[in-house]
Every structure is written in structure tokens, then in C-alpha cells.
Amino acid sequence: LNKCLTKENLSVHWELFPDPQKRQKADEKIQRAVERMQKVIEYARVIRDRQVRPTKLPLKEMTVVHPDQEYLEDVTGELQVYLSEEINVRTIKSSADVAKFCTPKAMPDWGALGKRLGKDMGKVAKGIKGLDAAAISEFETQGEITIEGHVLTAGDINITREFQIPEGADPKNIDAAGDGDVLVILDLKLDEELLAAGTAREVVNRVQKLRKKGKLELSDKVDIFYKIGDKGLDKVFASKKDYFTQAFGVAPKPVSERPAYSVTLIEEECQVGPEGSTFVVILARPAVVPLGGLLDLCGGDKEASSNLLVWLSSLSLSRMEAGQKLSVHLDGKDYSLSEGEHFLWSNFSR
């Protein structure tokens with residue numbers, strides 16, 4: 001094979017190290033986007049902490065405000081999925097309309113202007129603080145402004161933007177954080193669906209911790225049963241069935257549907273949700289559920305049917321599939337069985 005290769009160097013060990021300057025240049029855009037994303041995440045977490053909205057509780061919407069469209073594209077482009085996961089927010093919006101969400105404020109840079117202006121510092125500082133939104137916008141566009149006979153440039157004036165609650169918004173359900181450059185706004189209003197999603201996420205966390213406590217491997221399949229202590233959790237298990245199935249590979253079932261021959265691996269009482277709702281979760285060994293077709297296959301022979309169940313229970317469930325057909329020679333007879341017709345794997349969701 002090596003003789004057919006056209007590369008001069010046949011091993012990576014013979015390659016030169018990449019040029020760091022070229023690599024740095026290629027990665028600058030990615031690094032900038034990641035830094036901006038991290039800043040947005042930081043301010044979103046500040047809001048969550050301030051408003052006592054833990055990350056495990058999903059929020060409906062976040063808006064990122066910045067006058068530079070390129071900045072907004074960095075955080076709402078390819079990195080948006082990471083941003084959404086880190087903040088646990090359903091929808092991310094962006095806006096370059098700074099005036100809609102912020103009130104600009106100009107402050108003098110005392111260090112830069114103090115020595116230069118001397119006695120005029122007081123008058124100039126008063127003029128800077130008195131700049132309205134239009135004057136500040138023009139200053140940012142032109143890059144300079146004349147106040148009390150002194151030409152001031154970008155390094156002389158610090159522009160910050162203070163959040164103003166949008167018209168019609170409830171002050172109790174909205175909050176923002178930023179640094180005067182970028183502003184992050186979170187919609188804090190909670191509805192029944194968001195609360196259910198947050199509780200479901202906690203349920204998944206409790207079950208995963210219980211698997212670890214029971215020393216189960218990731219590949220180990222189990223049946224999951226639950227016994228609810230608070231009625232409010234009924235709706236969560238019913239409405240989030242698809243979410244649980246995706247997380248566990250099987251839908252949790254109420255303990256009332258647990259087969260009599262199910263073997264418990266581990267169980268624990270858990271507490272979830274903002275009100276501390278309780279439920280018992282049971283992890284059980286997957287079982288084989290006989291169907292009427294199994295006894296018919298055996299010609300009504302209950303002993304043969306029982307022996308087939310013992311054989312089925314000895315199989316590795318990790319290799320089984322829904323609807324799978326199996327053949328076995330048992331007690332001098334050949335049997336052809338179909339999952340779904342003669343028996344069911346309890347661990348498979350339907």
C-alpha cells in the first residue's frame with residue numbers, strides 16, 4: 001500500500017509542525033465568536049442567579065442586543081445550539097435596535113481628560129453627561145464631538161447603555177445584564193409547560209444518578225417504573241413521555257403496570273420540581289412477557305411454554321430487537337417464535 005501512496009512523507013511523524021501564525025489567523029473568527037458566546041452566557045447566568053431561576057429550569061426566550069450585526073451573527077449562528085444548551089432557553093433572538101432596549105449614557109474618562117483640560121474639566125464633564133441619545137449616536141458615528149471648545153474623541157468619553165423595559169412588558173417577568181457593549185435580556189415568565197419541562201429534566205437526572213448508584217453500565221438495559229407521591233407529577237410523566245423515551249431508551253411506566261415476575265435492581269424515593277414533589281423510581285431487570293400465542297405454539301402444553309420462557313429470559317436483551325424472530329430446538333422439538341406475537345420484551349417501547 002505504501003508504494004501506491006503519492007505523498008512524500010508516509011507518516012505524520014515526518015510532517016512539519018503547522019505554522020502557528022497561519023493557524024492563528026484562520027482561527028481568529030472562531031475564537032472571537034466563542035469569546036462573545038461566553039460573554040452572553042455569563043450575563044445570562046447573572047440574571048438567573050439574581051432572579052433565582054436555576055439553569056435546570058428552562059426559560060422561554062432570550063434576546064441579545066448589540067449594534068453590530070456581525071456580533072449578533074457570531075452568537076446566533078453556528079454557536080446558537082451551544083448557547084441554547086448552556087443557558088437552557090427555548091428561543092434565542094437578536095436585535096441591532098439598541099434604542100428599543102437601552103438608554104445610552106455618556107460619562108467622561110476622568111483619567112484621560114483630567115490633566116489635559118485642567119480647570120475646564122468641570123464644564124466639559126457636565127456637557128458630556130448632558131448628551132442626549134441623538135448626540136451620543138452622532139458622536140459614535142463621527143468619532144468625535146466638540147464640547148466647550150474642546151474636541152473629544154472615542155478615548156475621552158465612555159458610552160454605556162442602561163436597560164429600559166420595553167413598552168408593554170411586565171417588569172417582574174423580564175431582566176437584563178450587560179457591560180455597556182452587549183445586552184442580554186431574559187424572559188422570566190414561567191408557564192405550566194416550562195415548569196413541566198424543568199421537572200422532567202430533574203427526573204432524568206435522578207434516574208441517571210440511580211443507575212450510577214446501582215453500578216449499571218451505559219449499555220445495561222432496564223425497565224423503569226415509578227410510584228407518584230404527589231399528583232402533580234402525573235401530568236409530567238404523561239406529557240413528557242417522548243422526552244423520557246429519548247433519554248432512557250424506554251418509556252417509564254407506573255408501578256401498576258409492573259409485571260409480577262419483574263426483578264428489582266435498585267429503587268429510591270426522589271424529590272423534584274420547585275415544590276419538592278416526591279416519587280419512587282424503580283429500576284428493574286428487563287423481563288419477558290408471555291402472550292397467548294406462546295401457549296398456542298406449544299399446543300397448550302404449559303410446561304413447554306414455561307421452558308420457552310426460561311430460555312427467552314436467558315438471552316442477552318442488548319442483542320434483541322422489536323419484532324425479532326427466534327428459532328430454538330428444545331426438549332426434542334423445534335420452535336419458531338416472533339417477538340410481538342408469542343412474547344414481548346418488556347424493555348422495548350411501543
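## Lysine 240 between two helices

Helices here are DSSP runs of H or I at least four residues long, numbered from the N terminus. With that in hand, lysine 240 in this predicted model is easy to place: it sits in the loop between helix 9 (232-239) and helix 10 (241-248).

Is lysine 240 buried or exposed? Its relative accessible area is 14%, and buried means under 20%, so lysine 240 counts as buried. Leaving aside residues up to four places away in sequence, lysine 240 touches Glu193, Ala196, Ala197 and Ala200.

## The chain as a whole

Zooming out, the chain has 12 helices and 16 strands. Its radius of gyration is 32 Å, while the globule rule gives 20 Å for 350 residues, so the chain is more spread out than a compact globule. If you prefer box dimensions, the C-alpha trace spans about 110 × 70 × 30 Å along its principal axes.

How much of the chain is buried? Buried residues make up 36% of the 350 residues. Take the contacts with a separation of 6 or more: 66% of them are between residues 24 or more positions apart.

## Surface and charge

The accessible surface of the chain adds up to about 21600 Å², and carbon and sulfur atoms account for 50% of that. On the charge side, there are 49 positive and 55 negative charges, and the mean positions of the two sets are 3 Å apart.

## A four-stranded open sheet

One sheet to look for is built from 4 strands in the order 10-9-12-11; it is open, and the pairing is mixed. Its edges are strand 10 (253-254) and strand 11 (263-272), each of which pairs on one side only. As a reminder, strands of a sheet pair through backbone hydrogen bonds, either parallel or antiparallel.

Strand 11 runs antiparallel to strand 12 (residues 277-285), and 9 bridges join them. One of the residue pairs to click on is valine 272, whose bridge partner in strand 12 is serine 277.

## The hairpin of strands 14 and 15

Further along, strand 14 (residues 325-330) pairs with strand 15 (residues 333-338) in the antiparallel sense, over 6 bridges. Leucine 330 stands opposite lysine 333 in strand 15.

What do strand 14 and strand 15 form? They make a hairpin with 2 residues between the strands. If you check backbone torsions in the turn, aspartate 331 has a positive phi of about 55 degrees.

Notes
Residues numbered from 1 in each chain as written. Predicted model: local features only at pLDDT ≥ 70, side-chain atom pairs only at ≥ 80, totals over all residues. Heavy atoms only, no water. Pairing = 2+ DSSP bridges. Rg over C-alpha atoms; globule rule 2.2 N^0.38 Å. Buried < 20%, exposed > 50% of the residue type's maximum accessible area, 1.4 Å probe, protein only. Contact = heavy atoms within 4.5 Å. Areas by Shrake-Rupley, 256 points an atom, 1.4 Å probe, with all protein chains shown as cover. Lys, Arg positive; Asp, Glu negative; His and termini not counted. Charge placed at Lys NZ, Arg CZ, Asp CG, Glu CD.
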